[in-house]
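Dear colleague,

I am passing on a structure that I would like you to look over, and my notes on it follow directly below. Please read them with the coordinates open beside you.

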Amino acid sequence: MSRMLLLTLQVLVAVVAVAFWWVLTQTTLFGDPSRTQFFFSTPMDVLKQIVAWFSSGQIWYHLWITLIEAALAFVIGTVAALILGFWLARRPKVAAVFDPYIKAANALPRVVLAPIFTLWFGLGIWSKVALGFTLVFFIVFFNVYQGVKEVNRTVLQNARMLGMSERQLLRHVYLPSALSWVFSSLHISIGFAVVGAVVGEYLGASAGLGYLIAQAEGMFDIAGVFAGMFVLSAFVLIIDWLVTVVERRLLVWRPDNDQQH
Amino acid sequence: MVSAVSLRAVDISFNVTGKAPFRAVANADLDVAKGEFVAIVGPTGSGKSTLLNAAAGLLKPSAGVVEIHGKPLSGLNREAGYLFQADALMPWKTSRDNVAIALEIAGTPRREALARADEWLVRVGLRGFGDRYPHMLSGGQRKRVAMAQVLIRDPAILLMDEPFGPLDAQTRLIMGDLLLDLWQQDRKAVMFVTHDLEEAISLSDRVVILSTGPDARIMGDFPIGLERPRDVSEIKLTPEFQSLHRDIWHILKEQVLKAYGHSTGMKA
């Protein structure tokens, strides 16, 4: 499929969806418009709300807060997971001892942690960072662990025969192998960092996109809720695109990455 | 004269959970002199690679002694370069970096290492391929990079485990010529494992035959007196080559048939 055609079809999906939304809330086809508008708002009202946010500039502050929370959750979570993942993968006995606890911790639904984090870290950004951390950490951790465990045996033996010390093996073999797994999960882990931030804000905060949505919801301002969701989606799309750009640069050595160009 | 590699009454066993240990190689005696090119041939599962890994120090024999230049080997064999059958290059490094790293880890400054890596890439016929990552190279080109990576350290002993096994027939001939060319320049001691008898005869000074495993033994030891320098594809047409091939195949065939008879042995 050509790029142009793909783009056209992608835009078409949005047009059809908005048109359906318009018909749903502006005509009597699906019932009384004043009723449907209460549940779904209208495309125009949502657009007006988004324009109002951006023209007044108030949205930038909330976006900035969410971005900071997500970024902190991502960086701290990734670094912690790298260190712990490496350490456990190189020490199978320790890993075996901690295995059930790591699995149990990962099985825990993070939402139940949100009130506890609010209690511990307050209503500011750190309770949201903590929530995002718990999501990012496990994704990266399992990938690092796998990456270190599944280092190609021949590559490893060859590096040993070339005379690499344990430290050199770590730097030239284990780390690149683990990082390639981490990068391949970058989209997921960054997405979860944003989810952690927004859910945290939604459950109790004084700023951020999740806070905006929660506020609008509290006042039955459906246009505000929808506008918040659209801004959030666009926000995630832009971040995802940035990740793709970074990924292309960092994983040039990967065969499957090359074919996507 | 002291041998470069010397295996004395070497047994190599593997532990199999719940069963008696599996003895891959039994009572092997083998000497590789300095500057000698020895090919080790045997049917699948004869423990050829096992023997090689013992000389590399990657495997510890369960009995017997491995000596390198007269000294008993403990740990990895630091005097040996090892060319693997499978791709062993670091996929995240360019071919240039893959070759240079072999020097860098021994403390050579990066600039010098890169300059020498470039020289070696030219020697193995890869001028201008330095910036390619392994996946952008063909199988034969990757083998060339691997050869440069091993040889740049100038090891006294070269261990090769069916290095050209994954390549197509034409590429194997070309790689064989390249190998002999490089070897001719400084004559390292070589242990070359292969299942291809023609390849073994055309490259080596001596062909050693291993019997079918388990309990593989050394069955025969044939000096190859063919003149050097050799052209790997031409030499097969000479009557000397053909008579050697006939004699050795006579011994090897029996083992190969036996290997097919009970193909329960593990992969070589």
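Helices (H or I, at least four residues) and strands (E, at least two) are DSSP runs, numbered from the N terminus. This is a predicted model, in which local features need pLDDT of at least 70 and side-chain atom pairs count only at pLDDT 80 or more, while totals for chains, interfaces and linings use all residues. Residues are numbered from 1 along each chain as its sequence is written, and chains are lettered from A and ligands numbered from 1 in the order in which they are written.

In chain B, helix H1 (residues 48-56) lies across E1, E2 and E4 of that chain and runs at about 120 degrees to E1(B); axes here are lines fitted to C-alpha atoms, for helices over the stretch in contact, and angles run from 0 to 180 degrees between N-to-C directions. Nine of the nine residues of H1(B) are buried, so the helix is largely enclosed by the rest of the structure (buried means that 20 or more other C-beta atoms, placed from the backbone, lie within 10 Å of the residue's own). Among them are Lys48(B), Leu51(B), Leu52(B) and Asn53(B). After H1(B) comes Gly57(B), with a positive phi near 85 degrees.

The strands beneath this description belong to an open, antiparallel sheet of four in chain B, ordered E2-E1-E4-E5, where two strands pair if DSSP finds at least two bridges between them. Its edges are E2 (22-32) and E5 (71-72), each of which pairs on one side only. Strands E1 (residues 5-14) and E4 (residues 63-68) of chain B are joined by five bridges in the antiparallel sense, and Val5(B) has Ile68(B) as its bridge partner in E4(B).

In chain A, helix H8 (residues 153-161) has Val155(A), Asn158(A), Ala159(A) and Met161(A) buried. Seen down the axis of H8(A), these buried residues fall within an arc of 160 degrees, so they line one face of the helix (the arc being that of the directions from the helix axis to the C-beta atoms). Their cover includes helix H9 (166-184) of chain A, together with H1 and strand E6 (80-83) of chain B, contact being counted when C-beta atoms, placed from the backbone, lie within 7 Å. H8(A) is followed by Gly163(A), whose phi is positive, near 105 degrees.

With best regards

Terms used. Contact = placed C-beta atoms within 7 Å. Buried ≥ 20, exposed ≤ 12 C-beta atoms within 10 Å, placed from the backbone.
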